[in-house]
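Let's talk through some side-chain contacts together. Could you bring up the sequence and the model, please?

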Amino acid sequence: MRCFIALNLPSNLKDYLFDLQRKNKTKDAKINWVAKKNLHLTLKFLGEINEEKLEEIKKRLSSLKFKKMDVKLSSIGVFPDEIAPHILWVGLYPEADIIKLAQKIDEETLDLVAGEQQFVSHLTLGRIKTIQNKTNFKNFLKELKVDKIPCTLESFSLYKSTLSSQGPSYEELEHYSL
């Protein structure tokens, strides 16, 4: 099964991000927006894993101890770059504790699944499929602003991801409090 580990977002933050997506449509690009229920911050993508590895990962994650994190939304960005953007995202700050948690998870699971090449703390808002007018789209990105909404991240989860033509669906397999 295809799995990943992610920080869960409080409902007020999901509401704000969903509203941001709704209010900021552009005719200059086709963007597949992430569904409100699917908004999360991926700490580690595990890929395809079998039941045996899944049980070992659950056990290791349950032994992790980490504190809750107070963060705020920061700025909008794109991956891989503004020349050929594919992912529209928003950042969180401070991100030091998020990075530390991702590193801890990576260390705990490294012998079971491949490690991240480079972790970048971000919340994916949408996947950019096509851009009709690059100049207008760059202007759209410059004008896209987020409020510095504060929130507390209190948990992370192990998820199963199922891909379909309607987009991904996520099933929480295990929940871990911070």
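**Salt bridges, pair by pair**

Q: What is the relative accessible area of Asp 19?
A: Asp 19 is partly exposed, a class that sits between buried (under 20% relative accessible area) and exposed (over 50%), using a 1.4 Å probe and protein chains only. A word on the ground rules: residues are numbered from 1 along each chain as its sequence is written, and side-chain values use heavy atoms, without hydrogens and water. This is a predicted model, so local features need pLDDT of at least 70 and side-chain atom pairs count only at pLDDT 80 or more, while totals for chains, interfaces and linings use all residues. For Asp 19, the relative accessible area is 21%.

Q: Which residue meets the side chain of Asp 19 in a salt bridge?
A: A salt bridge here is a side-chain nitrogen of Lys or Arg within 4 Å of a carboxyl oxygen of Asp or Glu. The partner lies four residues away, about one turn along helix H1 (residues 11-23); helices (H or I, at least four residues) and strands (E, at least two) are DSSP runs numbered from the N terminus. It is exposed, with a relative accessible area of 62%. At 3.0 Å, N to O, Asp 19 meets Lys 23.

Q: How far apart are the closest N and O atoms of Lys 59 and Glu 56?
A: Both residues belong to helix H2 (residues 51-62), three residues apart, about one turn of the helix. Lys 59 is exposed at 54% relative accessible area, whereas Glu 56 is partly exposed at 24%. Their salt bridge has its closest N and O atoms at 3.8 Å.

Q: Which residues are linked with Glu 56 in a network of salt bridges?
A: Glu 56 already has a salt bridge with Lys 59. The network takes in further residues, and with Glu 56 it links Lys 59, Arg 60 and Asp 111.

Q: How many residues separate Lys 58 and Glu 174?
A: Lys 58 forms a salt bridge with Glu 174, with 3.8 Å between the closest N and O atoms. Lys 58 is buried, at 18% relative accessible area, while Glu 174 is partly exposed, at 31%. The pair links distant parts of the chain, with Lys 58 in helix H2 and Glu 174 in strand S9 (residues 169-177), and the separation is 116 residues.

Q: How many salt bridges does a search of the whole structure find?
A: The pairs we have met include Asp 19 with Lys 23 and Lys 58 with Glu 174. Across the whole structure, the number of salt bridges found is ten.
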